[in-house]
Amino acid sequence: DAIVMEEEEVEQKINIEDYKGVWVFAEQRGGEVLNVSIELLGEGRKIADIRNVELTAVLLGENLDENAEMLVKYGADNVIAVDNEKLAVYTTDAYTKVIADLINEKKPEIMLIGATTIGRDLGPRVSARVKTGLTADCTRLEIDEEDGKLLQTRPAFGGNLMATIVCPNHRPQMSTVRPGVMEKAKFNENNVGNIEKKEVSFADGELKTEVVEIVKSEKAAVALDEAPIIVSGGRGLTDGKGFELLEKLADKLGGVVGASRAAVDEGWIEHSHQVGQTGTTVRPKLYIAAGISGAIQHLAGMQSSDCIVAINKNADAPIFKVADYGIVGDLYEVIPQLLEALDNV
Ligand code: FAD
């Protein structure tokens, strides 16, 4: 995501004081706003309150009324809704143009985008177009008490250290933020806000890409960051077959299967299932860790879960320090018992 700018562009001075407000890109898939966007509204609200500015959600697509109202109830002071058939499905060029034009017109101080596949494509394009920087894949955002700048923290050097990055001379300060790390905004039926409907048009030939058809991969990547329940397995499974047992438990609970890096490195399960610093950060309602010791890099990806249940045969395993419920025992005895008990519910 590194952006290389021409020297003269870097030199070009902007008046930072002209830029006000916090913006969140409200990403939709099939008409549904993603959880990460609601998380960013939660974080954006905090930042906007500290900076004493307004929080704006930017929503692009078709038939946006319902979602625009929902975003207000999640705490957006303003929603900019850009309704156009060419925005119904994400394309890099259409979305980049619309958002860059909006930024140039309204000058937000901060722009937050979820670090999803789409966000990771869109963020750098927009930042280059409006000639600012972007910190990709942030896991923490804070406001510097002294100068009000956004402190953007992200893992660096393969997750071995955390780097805090500031954007001193350009605006907006842009970040993509990992799903699952921020707390979701609270829904409040009584929230009021302003919904601004924007018209856009595209000149003939302006858009170079068109989505003809969306073909879902047969083996869809697991949506760990959206799952309310995750059953994760680690090296303690001792064998890839152990995941079949975890899958049964996940199916019964309506959840998905996650894994530690050790299990992924063993080749027992694909990397898309990995939870942790170099995997996905998750914040489900229920996280069950079976045969996972609780290394710091694993905890970094799951310790904000609402309820953590650990199953481990070593009573001293560090996972028990973050667990709400701990079961000391052999997972191959405990999980079949859990399954049986669930059958009788
Ligand atoms: P182990 O630490 O070997 O633990 C296995 C556990 O299973 C033990 O506690 C044992 O008591 C228990 N056990 C064994 N048999 C049974 C049984 N029958 N029933 C119940 N319990 C049993 N790790 C991640 O998970 N995610 C990451 O994103 C990640 N990123 C990393 C990034 C870097 C830069 C580095 C250096 C490391 C990273 N790691 C990551 C690796 C991490 O340090 C640990 O090595 C890893 O999490 C250990 O996985 P584990 O808990 O499955 O295995």
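**Salt bridges, buried positions and the packing of helix 10**

In the predicted model, E105 is classed as partly exposed because its relative accessibility is 47%. The side chain of E105 takes part in a salt bridge with K198, in which the closest N and O atoms are 2.9 Å apart. This pairing connects distant parts of the chain, since E105 belongs to helix 4 whereas K198 belongs to strand 12 (residues 194-198), and the two positions lie 93 residues apart in the numbering sense of being 93 residues apart.

The setting of this pair is a chain of 345 residues, of which 51% are buried. Its secondary structure consists of 10 helices and 17 strands. Of the contacts between residues at least 6 apart in sequence, 64% are formed by residues at least 24 apart. The chain has an accessible surface of about 17,900 Å², and carbon and sulfur atoms account for 46% of that area.

In total, 17 salt bridges are present in the structure. One of them is formed by D77 and R45, with a separation of 3.1 Å between the closest N and O atoms. Here too distant parts of the chain are linked: D77 is placed in the loop between helix 3 (65-73) and strand 5, R45 is placed in helix 2, and the two are 32 residues apart. D77 is partly exposed because its relative accessible area is 22%. The relative accessible area of R45 is 22%, and R45 therefore also counts as partly exposed.

A salt bridge within a single helix is provided by R261 and D265, whose side chains meet at 3.5 Å, N to O. These two residues are separated by about one helical turn, because they stand 4 residues apart in helix 7 (residues 261-265). In an α-helix there are 3.6 residues a turn, so residues three or four places apart point the same way. The partners fall into separate accessibility classes: R261, with a relative accessible area of 47%, is partly exposed, whereas D265, with a relative accessible area of 57%, is exposed. Elsewhere, E105, K106, E196 and K198 are joined into one network by salt bridges that share partners.

Helix 10 comprises 13 residues (331-343), and the distance from its first C-alpha to its last is 18 Å, close to the 18 Å expected at 1.5 Å a residue. Within helix 10, L331, V334, I335 and L339 are buried. These buried residues lie on the same side of helix 10 because the arc they cover around the axis is only 135°. Exposed residues E333, Q337, E340 and D343 are carried on the face of helix 10 that is turned away from the buried side. The cover over the buried residues of helix 10 includes one helix, helix 6 (242-253), together with strand 15 (286-290), strand 16 (307-312) and strand 17 (325-328).

Two polar residues illustrate buried positions in other elements. Q173 is part of strand 11 (residues 173-177). With a relative accessible area of 0%, Q173 is buried. When residues up to four places away in sequence are not counted, Q173 touches E109, I110, M111, K149, L150 and C167. Although Q173 and Y19 are 154 residues apart along the chain, their C-alpha atoms are separated by 9.8 Å. The other position, S37, is located in helix 2 (residues 35-51). S37 has a relative accessible area of 2% and is therefore buried. Apart from neighbours within four places in sequence, the contacts of S37 are with V24, F25, A26 and E27. Helix 2 thus contains buried S37 as well as R45, the partner of D77 in the salt bridge described above.

On the surface, V89, V211 and I214 make a nonpolar patch of about 240 Å². V89 is situated in the loop between strand 5 (78-83) and helix 4 (92-106). This residue counts as partly exposed because its relative accessibility is 36%. Helix 4, which follows that loop, is also the element that holds E105.

Methods
Residues are numbered from 1 along each chain as its sequence is written. This is a predicted model: local features need pLDDT of at least 70, side-chain atom pairs count only at pLDDT 80 or more; totals for chains, interfaces and linings use all residues. Side-chain values use heavy atoms; hydrogens and water are left out. Patches are made of residues with over 30% relative accessible area and no salt bridge: like charges are joined within 9 Å, nonpolar side chains (Val, Leu, Ile, Met, Phe, Trp, Tyr) within 5 Å. Accessible areas come from the Shrake-Rupley method with a 1.4 Å probe; for residues, only the protein chains shown count as cover. A salt bridge is a side-chain nitrogen of Lys or Arg within 4 Å of a carboxyl oxygen of Asp or Glu. Buried means under 20% relative accessible area, exposed over 50%, partly exposed in between (1.4 Å probe, protein chains only). The expected span of a helix is 1.5 Å times one less than its number of residues. The arc is that of the directions from the helix axis to the C-beta atoms. Contact means heavy atoms within 4.5 Å.
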